[in-house]
Amino acid sequence: MRTYLVTGGAGFIGSNYIHYMFKKYGEEIRIINLDKLTYAGNLENLKDVENLPNYTFVKADVCDSEAVNRIFEENDIQRVVHFAAESHVDRSIRNPDVFVKTNVLGTLTMLNAAKAAWELPDGSFRPDHKFLHVSTDEVYGSLEKEGEYFYETTPYDPHSPYSASKASSDFMVKAYIDTYGFPANITNCSNNYGPYQFPEKLIPLMINNALHGKSLPVYGDGKNVRDWLYVEDHCKGIDMVQEKGRLGQTYNIGGHNEKQNIEIVKLIIEIVAEKLPEGDPRKAAVNESLITYVTDRKGHDRRYAIAPDKIKAEVGWYPETMFAEGIRKTIEWYLDHAEWMKNVTSGDYQKYYEEMYKA
Ligand code: NAD
Ligand code: TYD
């Protein structure tokens with residue numbers, strides 16, 4: 001039985017990944033989920049797996065080398081999938097320090113622990129032990145010309161404190177690969193959407209606001225472009241890269257699905273209005289009059305778009321979920337999980353929202 005150490009498994013993509021992996025491999029694998037449970041980590045996301053005998057949760061910080069080393073000492077960890085990070089650009093603009101701590105130093109701690117556990121006396125590494133570092137396309141910066149795409153060879157040019165911290169962590173993983181022959185891969189993925197995403201990010205924030213008849217804050221002219229990928233497709237891509245990718249390589253994972261923010265917001269309005277039942281007083285209130293253009297994000301990257309050619313050619317992965325289908329599934333999930341949304345938006349979220357959107 002292969003044992004996985006998943007970091008940040010209580011967050012959006014990590015929890016979807018754990019669900020995906022148990023669905024795919026069942027009792028063939030064991031998963032240890034290490035998560036600090038920051039504002040973005042939520043054990044409710046894992047309710048349906050928490051009692052599985054092959055699942056263990058450890059509350060710890062990825063910067064805590066003692067806690068991380070202990071997990072490696074007590075278990076034969078064969079796969080690390082490192083999601084844990086501070087992940088929101090707007091928060092990084094307000095408070096960069098924690099991004100450097102968790103994203104850069106936390107990644108270094110994970111690399112050191114895995115290296116110590118896996119390195120053999122001759123400097124080689126235990127066979128079939130692998131580390132996957134989950135990163136973002138934001139490290140490549142902003143595409144200004146139409147028809148341009150991010151490739152694995154695109155030079156790094158991060159602009160936000162978030163993307164700069166992820167770029168630094170990627171470079172540290174690359175340094176371990178080049179210096180020690182450390183058995184790792186890096187994946188750089190485009191914007192994800194789907195169930196369990198914290199409503200500070202565009203899609204769940206707009207769904208939640210629409211459902212509450214609140215204004216829909218669109219930054220700048222609303223024409224920034226993101227390349228949206230359904231989260232389950234990302235999880236499948238991570239697993240395929242780890243099992244079929246060439247060690248030491250980077251793979252870009254993207255949706256081939258570029259959309260302007262304003263298109264997304266209008267589509268959400270349309271689908272939410274359609275899905276609310278007749279007689280629900282919210283139905284009539286969900287319309288385009290809720291759209292409010294607000295001050296642009298500082299340093300706002302204009303366009304991200306990935307050409308997922310390498311992962312398709314080498315690993316056989318491609319984005320399977322069409323956006324028209326994925327966004328409907330996502331909205332239905334939030335409609336069916338009103339209690340989840342209520343729980344994550346109580347308390348600190350209110351403070352964050354008022355502070356962030358007060359202008
Ligand atoms: P998220 O913010 O939803 O979840 C992050 C998780 O990490 C949370 O469970 C949180 O509690 C945990 N965490 C934070 N700091 C920690 C620490 N110091 N120690 C241990 N755990 C800690 O993030 P997400 O959207 O699920 O993103 C996961 C990963 O994927 C990140 O590395 C992010 O950079 C990357 N990524 C995200 C996207 C996206 O669209 N969301 C796209 C590409 C790449
Ligand atoms: P976000 O979900 O924060 O992801 P990222 O910045 O990592 O791409 O934002 C996606 C896009 O939506 C980005 O161009 C910023 C924009 N946006 C808004 O217009 N309004 C909002 O309230 C938020 C959160 C984002």
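**Stop 1: helices 4 and 5**

Select helix 4, residues 97-118, and helix 5, residues 161-180. Their axes run 8 Å apart, at an angle of about 20°. Angles under 35 degrees count as roughly parallel, and helix 4 and helix 5 are therefore roughly parallel to each other. Keep in mind that this is a predicted model. Look along the crossing: helix 4 passes helix 5 in a right-handed sense.

Now show the side chains of the contact. From helix 4, display Phe99, Val100, Asn103, Val104, Thr107, Leu108, Leu111, Asn112 and Lys115. From helix 5, add Tyr162, Ser165, Lys166, Ser168, Ser169, Met172, Val173, Tyr176 and Tyr180. Colour by class. The contact of helix 4 with helix 5 splits into 10 nonpolar, 6 polar and 2 charged residues.

**Stop 2: ligand 1**

Keep Tyr162 and Lys166 on screen. Both are among the residues closest to ligand 1, along with Ile13, Asp35 and Ser87. In total, 28 residues surround ligand 1.

Pick out three polar contacts here:

- Ser87: a polar atom of its side chain lies 2.6 Å from an oxygen atom of ligand 1.
- Thr102: a polar side-chain atom sits 3.2 Å from a nitrogen atom of ligand 1.
- Gly41: a backbone N or O atom is 3.5 Å from an oxygen atom of ligand 1.

**Stop 3: helices 6 and 8**

Next, select helix 6, residues 202-211, and helix 8. Their axes come within 10 Å and cross at roughly 40°. That makes helix 6 oblique to helix 8. The crossing is right-handed.

Which residues of helix 6 meet helix 8? Display Leu202, Ile203, Met206, Ile207, Ala210 and Leu211. Opposite them, helix 8 offers Asn261, Ile264, Val265, Ile268 and Val272. By class, the contact of helix 6 with helix 8 has 10 nonpolar residues, 1 polar and no charged.

**Stop 4: helices 8 and 11**

Hold helix 8, residues 261-275, and add helix 11, residues 323-336. These two pack at about 55°, with axes 10 Å apart. Helix 8 and helix 11 are therefore oblique to each other. Their crossing is right-handed.

On the helix 8 side, show Ile264, Leu267, Ile268, Ile271, Val272, Glu274 and Lys275. Ile264, Ile268 and Val272 should already be displayed, from the contact with helix 6. On the helix 11 side, show Phe323, Ile327, Arg328, Ile331, Glu332 and Leu335. The class count for the contact of helix 8 with helix 11 is 9 nonpolar, no polar and 4 charged residues.

**Stop 5: ligand 2**

Finish at ligand 2. Select its surroundings: 19 residues. The closest are Glu138, Arg226, Arg297, His300 and Tyr357.

Which atom of Tyr219 makes a polar contact with ligand 2? A polar backbone atom of Tyr219 lies 2.9 Å from an oxygen atom of the ligand. Turn to the side chains next. Arg226 places a polar side-chain atom 2.7 Å from an oxygen atom of ligand 2. In Tyr357, a side-chain N or O atom is 2.6 Å from an oxygen atom of ligand 2.

Technical notes
Residues numbered from 1 in each chain as written. Chains lettered and ligands numbered in written order. Predicted model: local features only at pLDDT ≥ 70, side-chain atom pairs only at ≥ 80, totals over all residues. Heavy atoms only, no water. Axes fitted to C-alpha atoms, helices over the stretch in contact; angles between N-to-C directions. Helix = DSSP H or I, 4+ residues; strand = E, 2+ residues; numbered from the N terminus. Parallel < 35°, antiparallel > 145°, perpendicular 65-115°, else oblique. Left-handed = near helix turned anticlockwise from the far one by under 90°. Contact = heavy atoms within 4.5 Å. Nonpolar A, V, L, I, M, F, W, Y, C, P; charged D, E, K, R; others polar. Near = heavy atom within 4 Å. Polar contact = N/O pair within 3.5 Å; in protein donor to acceptor, adjacent residues only side chain to side chain.
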